[in-house]
Amino acid sequence: MPEGDTVHKVANVLRKDLDGEVLSRCLVRGVYGSERLAGSRVMEVEVHGKHLLVHFDRDIQLRVHLGMHGSWHRYPPGAPWKRSKATAAVVLETKQTVLVCFKALDVEIITSPQRRWHRQLGQLGPDLLAQEEPNWSDVLARASQYHTGSDFLGEVLLDQRVASGIGNVYKSELAFMGPLDGSAFEFVPERSFSPWAPLSEVKVEALEGLFRRARILLQANLGGWFRTTRVDRRVCPKPAGGDLYVYGRVGEKCFRCDASIARGHQGLQNRVTYWCPECQPA
């Protein structure tokens, strides 16, 4: 699934083409009558966690969840598309631009009042990339509400009901880096956690520190298209050895101890997880 910073970056691009514009064409896969939204005006492009919401002036919202394979393309009117029309989930066209979302996991049209009891949106935890800092007590309360002490830390970090925006990359990196302690891009080895650690073994202060670090890392990666957790790009544009500590590095040497990075899968959705067996013993 996409990380929250990816969805926010996509939204920033869409806003430039859609904010205040009137649609000349609208098609949403599987939504009967979506073409009748042509003529409506786009009022806002919003993000909550991994969900992108396009607000129309008819008290209606388009919800898009990209999933693993979804992507937005931007074309001049009349230009050929680079992907098959059969894979188009959403088409939003204005006089100047055609925006096409291909292979999205989930798309739908909802009314604005419906949002509060929506099966997914209604349960989302605070967005870690919201302008206003989350209420960390609320995040911790949600962790206790939705998880028992035997649940793995990696699953808790990934649960969008606790806090929205963390995906597989940040989940793995956060467990390795540990709670926030000084610079968000540095880690104290003895504070690392195994992603397989039961929640009961993670102190409340440490869990809050992990989510606090997640917010800072997500914010820091809004400015570019290549994600890093190892450096602040404002200081050092390219880290030596790679952009990430553990994610995607199975079989490679840990930057700290030279052990081989391991990979496994967690939870009912079998989500991929990376960790260092030496620095993060189960």
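**Close-up 1. Helix α1 and its buried residues.** In this predicted model, a good share of the names to look for in α1 are buried: G4, D5, V7, H8, K9, V10, A11, L14, D17 and L18. The helix covers residues 4-18. An α-helix has 3.6 residues a turn, so residues three or four places apart point the same way. How far apart should the ends of α1 be? At 1.5 Å a residue, its 15 residues should span 21 Å, and the end C-alpha atoms are 20 Å apart, which agrees. Just past the helix, G20 has a positive phi of about 80°.

**Close-up 2. The sheet that α1 packs on.** Here four strands make an open sheet, running in the order β2-β3-β4-β8 with antiparallel pairing. At the edges you'll find β2 (42-48) and β8 (106-111), each paired on one side only. On average, neighbouring strands are turned by 20° against each other, direction ignored. Helix α1 packs on this sheet and touches β2 and β3, its direction making about 175° with that of β2.

**Close-up 3. The β3 and β4 pair, with D59 in the loop.** Strands β3 (residues 51-56) and β4 (residues 60-65) are joined in the antiparallel sense over six bridges. To get your bearings, pick out L52, whose bridge partner in β4 is V64. Then look at the loop between β3 and β4, where D59 sits. Most residues other than glycine have a negative phi. D59 isn't a glycine, yet its phi is positive, near 60°. Is D59 buried, partly exposed or exposed? With a relative accessible area of 45%, D59 is partly exposed.

**Close-up 4. The other four-stranded sheet.** Strands of a sheet pair through backbone hydrogen bonds, either parallel or antiparallel. In this open sheet the order is β1-β6-β7-β5, and the pairing is antiparallel. Why is one side of β1 and of β5 left without a neighbour in the sheet? Both β1 (25-28) and β5 (71-75) stand at the edges with a single partner strand each, so one side of each has no neighbour there. From one strand to the next, the twist averages 15°. For β5, take a look at β7 (residues 98-102): the two pair in the antiparallel sense over five bridges. Y75 stands opposite V98 in β7.

**Close-up 5. The largest pocket.** Rolling a probe the size of a water molecule over the atoms shows where empty space is left. The largest pocket has a volume of about 740 Å³. Its lining takes in 23 residues, and L158, D159, Q160, Q269 and R271 are the ones nearest the centre. Which helix gives the most to the lining? That's α3 (residues 153-158), which supplies three residues.

**Close-up 6. N270 in its loop.** Zoom in on the loop between β9 (262-266) and β10 (271-275) and you'll meet N270. N270 is another residue to check for backbone shape: its phi is positive, about 55°, although it is not a glycine. At 49% relative accessibility, N270 counts as partly exposed.

**Close-up 7. A141 in helix α2.** A141 lies in α2, which covers residues 136-146. With a relative accessible area of 42%, A141 is partly exposed. How many residues lie between A141 and H51 along the chain, counted as their separation? They are 90 residues apart, and their C-alpha atoms are separated by 22 Å.

Definitions and conventions. Residues numbered from 1 in each chain as written. Predicted model: local features only at pLDDT ≥ 70, side-chain atom pairs only at ≥ 80, totals over all residues. Heavy atoms only, no water. Pairing = 2+ DSSP bridges. Axes fitted to C-alpha atoms, helices over the stretch in contact; angles between N-to-C directions. Expected span 1.5 Å × (residues − 1). Buried < 20%, exposed > 50% of the residue type's maximum accessible area, 1.4 Å probe, protein only. Contact = heavy atoms within 4.5 Å. 1 Å grid on protein atoms, 1.4 Å probe; cavity = no way out; pocket = protein on both sides within 12 Å on 5 of 7 lines; lining within 4 Å. Points joined across faces, edges and corners; volume = space filled by probe spheres on them.
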